[in-house]
Amino acid sequence: MRIKRGTLPTALGLVLIAGALALSGYNLRSATQAETASVQAVAQLEQLRPEPKPRIDAASLVSIPDMELPDYVLCPEMEMPEKLLNGRAYIGTLEIPALALELPVISRWSYPAFQVSPCRYQGSAYTDDLILAAHNYPAHFGRIKELNVGDRLSFTDMDGNVFSYQVVAREILEPEDVEAMEAGGYALTLFTCTLGGQHRVTVRCDRAPAEV
């Protein structure tokens with residue numbers, strides 16, 4: 001049977017359109033599920049940890065007796081405490097007021113974990129070298145490119161210690177440029193991939209001074 005001219009290209013076009021629609025639907029469904037999972041995890045983690053403790057900045061350390069200092073100040077190299085929730089270990093929650101986001105943070109990154117919430121890539125809030133990675137879902141790190149220098153963030157660990165940060169720089173890095181991601185001596189780094197995964201949107205933060 002002879003196929004009419006134009007029939008095959010049309011059929012291929014329809015297949016490609018159907019595939020694109022299916023992929024878009026999958027991504028939208030995954031993003032919605034991730035947002036729901038994050039909201040639920042934040043609420044559950046708040047019940048598992050003590051009330052947030054007052055923020056401590058460098059200036060106030062001088063006036064605090066050693067016996068009242070948090071454990072992480074006396075021993076910065078200590079492991080960050082974790083709480084187990086739905087089979088995953090969490091180290092705290094990240095709040096980004098400029099994006100109206102409050103997100104749970106999983107202790108160790110993995111591709112399945114990225115579907116649930118942001119993850120610790122490496123480092124610690126206690127040693128001022130914490131790096132967090134997340135999927136580019138809008139409800140995770142998909143909008144961190146909108147953050148501006150001076151925007152404030154906070155991270156609360158599972159002992160209730162609160163760490164305040166402010167954005168000092170934004171960068172676009174290559175996926176394989178691991179050294180650049182880990183460099184700079186920033187207290188907090190957030191990163192995610194661009195749509196398509198060609199680059200890494202990276203936000204650098206330093207500890208924020210106490211608010212007056």
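**Figure 1. Overall architecture of the predicted model.** The secondary structure of the protein comes to 5 helices and 9 strands, where helices (H or I, at least four residues) and strands (E, at least two) are DSSP runs numbered from the N terminus. The model is a predicted one, in which local features need pLDDT of at least 70 and side-chain atom pairs count only at pLDDT 80 or more, whereas totals for chains, interfaces and linings use all residues. Residues are numbered from 1 along each chain as its sequence is written, and side-chain values use heavy atoms, with hydrogens and water left out. Followed along the sequence, the elements of the protein are arranged in the pattern α-α-α-β-β-β-α-β-β-β-β-α-β-β. Of the 212 residues of the protein, 38% count as buried, a term that stands for under 20% relative accessible area, with exposed meaning over 50% and partly exposed in between (1.4 Å probe, protein chains only).

**Figure 2. Close-up of the salt bridge between Arg207 and Asp128.** The structure holds 4 salt bridges, each defined as a side-chain nitrogen of Lys or Arg within 4 Å of a carboxyl oxygen of Asp or Glu. In one of them, the side chains of Arg207 and Asp128 meet with an N to O distance of 2.9 Å. Arg207 lies in strand β9 (residues 200–207) and Asp128 in the loop between β4 (119–122) and β5 (130–133), so the pair ties together parts that are 79 residues apart in sequence. Arg207 is partly exposed, at 30% relative accessibility, and Asp128 is likewise partly exposed, with a value of 30%.

**Figure 3. Close-up of the salt bridge between Arg204 and Glu171.** The closest N and O atoms of Arg204 and Glu171 are 2.6 Å apart in this salt bridge. The pair links distant parts of the chain, with Arg204 in strand β9 and Glu171 in strand β7, 33 residues apart. Arg204 counts as buried at 2% relative accessibility, whereas Glu171 is partly exposed, with a relative accessible area of 26%.

**Figure 4. Surroundings of Arg143, with Glu146 and Val201.** The side chains of Arg143 and Glu146 form a salt bridge with an N to O distance of 3.8 Å. Arg143 is partly exposed, at 26% relative accessibility, and Glu146 is also partly exposed, its relative accessible area being 42%. Val201, which lies in strand β9, is 58 residues from Arg143 in sequence, and the C-alpha atoms of the two residues are 9.6 Å apart in space. Val201 counts as buried, at 10% relative accessibility.

**Figure 5. Close-up of Thr156 and Gly92.** Thr156 is found in strand β6 (residues 152–157) and counts as buried, with a relative accessibility of 10%. Although Thr156 and Gly92 are 64 residues apart along the chain, their C-alpha atoms are separated by 5.4 Å.

**Figure 6. Two loop residues with positive phi, Asn86 and Ala100.** Most residues other than glycine have a negative phi, and most peptide bonds are trans. Asn86, a residue other than glycine, has a positive phi near 55 degrees and lies in the loop between β1 (83–85) and β2 (88–96). Ala100, again not a glycine, has a positive phi of about 55 degrees and belongs to the loop between β2 and β3 (101–106). Asn86 is exposed, with a relative accessible area of 68%, and Ala100 is exposed as well, at 70% relative accessibility.

**Figure 7. A negative surface patch that includes Asp177.** The patch is formed by Glu174, Glu176, Asp177, Glu179 and Glu182, patches being made of residues with over 30% relative accessible area and no salt bridge, with like charges joined within 9 Å and nonpolar side chains (Val, Leu, Ile, Met, Phe, Trp, Tyr) within 5 Å. Asp177 is placed in the loop between β7 (162–173) and α5 (178–182) and is partly exposed, with a relative accessible area of 34%.

**Figure 8. Close-up of the cysteines Cys193 and Cys205.** The model contains 0 disulfides, a disulfide being a pair of cysteine sulfur atoms within 2.5 Å. Cys193 is partly exposed, with a relative accessible area of 24%, whereas Cys205 is buried, with a value of 0%.

Terms used. Areas by Shrake-Rupley, 256 points an atom, 1.4 Å probe, with all protein chains shown as cover. Lys, Arg positive; Asp, Glu negative; His and termini not counted. Charge placed at Lys NZ, Arg CZ, Asp CG, Glu CD.
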